[in-house]
Amino acid sequence: QYCMELGLLDIRMIRYAPSLYVSAALLLSNELLGRRPAWPVSMVYHARHRDIDPEMVACAQALSTILGQAPKASLQAVRRKYQHNRYSGVANLIFRAHTS
């Protein structure tokens, strides 16, 4: 959810269809959490995207870049929101740049 909300602030993300955007955010979060496989059978079953395609990878990479730049971004409201305990302080975690 944090990755997705950060991405909503970046106009470049508008090029991706909503279903692809959500799938890429889930792919990225699974990779960041070290879940293997990052796109499990349950995701294939529920998502419109059966395989990890190049467009999903590009979207996940863009979200990863946005996530990495969040501490220095000019807009900080989303980041401050996710620093609170209510959201498990996820914005306080340090994420290394990650790509599929």
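**Figure 1. Glu 5, with a relative accessibility of 18%, counts as buried, and this residue forms a salt bridge with Lys 81.** The view is taken from a predicted model. Burial is assigned under 20% relative accessible area, so Glu 5, at 18%, falls in the buried class. Its partner Lys 81 has a relative accessibility of 29% and therefore counts as partly exposed. In the salt bridge between Lys 81 and Glu 5, the closest N and O atoms are 3.1 Å apart. Because Glu 5 belongs to helix α1 (residues 2-8) and Lys 81 to helix α5 (residues 77-81), the pair ties together parts of the chain that are 76 residues apart in sequence.

**Figure 2. Arg 12 and Asp 10 meet through their side chains in a salt bridge.** The N to O distance in this pair is 2.5 Å. Asp 10, at 15% relative accessibility, counts as buried, whereas Arg 12, at 48%, counts as partly exposed. A search of the whole structure finds two salt bridges, and the two are the pair of Lys 81 with Glu 5 and the pair of Arg 12 with Asp 10.

**Figure 3. Arg 79 is a buried residue that has no salt bridge.** Arg 79 is placed in helix α5, the helix that also holds Lys 81. Which side chain of opposite charge is nearest to Arg 79, and how far away is it? It is that of Glu 5, at a distance of 13 Å, and since a salt bridge requires the nitrogen and the carboxyl oxygen to be within 4 Å, Arg 79 and Glu 5 are not paired in this way. When residues up to four places away in sequence are left out, Arg 79 touches Tyr 2, Ala 70, Pro 71 and Ala 91. Of these contacts, Tyr 2 appears again in the next view, where it is part of an aromatic cluster.

**Figure 4. Tyr 2, Tyr 82 and Tyr 87 form one aromatic cluster.** A search of the whole structure finds two aromatic pairs. In one of them, Tyr 2 and Tyr 82 are tilted with respect to each other, with 5.1 Å from centre to centre and 45 degrees between the planes. This pair links distant parts of the chain, as Tyr 2 lies in helix α1 and Tyr 82 in the segment after α5, 80 residues apart. Tyr 2 counts as buried at 6% relative accessibility, and Tyr 82 is likewise buried, with a relative accessible area of 2%. The rings of Tyr 82 and Tyr 87 have centres 4.6 Å apart and planes at 50 degrees, so this pair is tilted. Tyr 87, with a relative accessible area of 24%, is partly exposed.

**Figure 5. Two backbone features are shown, a cis peptide bond between Arg 36 and Pro 37 and a positive phi at Ser 88.** The peptide bond that joins Arg 36 and Pro 37 has an omega of about -5 degrees, and Pro 37 is placed in the loop between α2 (18-32) and α3. Ser 88 is a residue other than glycine, and its phi is nevertheless positive, near 60 degrees. Ser 88 lies in the segment after α5, and at 66% relative accessibility this residue counts as exposed.

**Figure 6. The chain as a whole contains five helices and zero strands.** Along the sequence the elements follow the pattern α-α-α-α-α. The C-alpha trace spans about 35 × 25 × 20 Å along its principal axes, and the radius of gyration, 13 Å, agrees with the value near 13 Å that a compact globule of 100 residues would have. Of the 100 residues, 38% count as buried. Among contacts with a separation of 6 or more, 65% come from residues 24 or more positions apart. The mean pLDDT of the chain is 87, and 94% of its residues reach 70 or more. Among the elements, helix α4 (residues 54-69) has the highest mean pLDDT, 93, and helix α3 (residues 41-46) the lowest, 80.

Conventions
Residues are numbered from 1 along each chain as its sequence is written. Side-chain values use heavy atoms; hydrogens and water are left out. Helices (H or I, at least four residues) and strands (E, at least two) are DSSP runs, numbered from the N terminus. Buried means under 20% relative accessible area, exposed over 50%, partly exposed in between (1.4 Å probe, protein chains only). Lys and Arg count as positive and Asp and Glu as negative; His and the chain ends are not counted. Contact means heavy atoms within 4.5 Å. pLDDT is the predictor's confidence in each residue, from 0 to 100. Rings of Phe, Tyr and Trp (its six-membered ring) pair if their centres lie within 6.5 Å; planes under 30 degrees apart count as stacked, over 60 as edge-to-face and the rest as tilted. The radius of gyration is taken over C-alpha atoms; the globule rule is 2.2 Å times the number of residues to the power 0.38.
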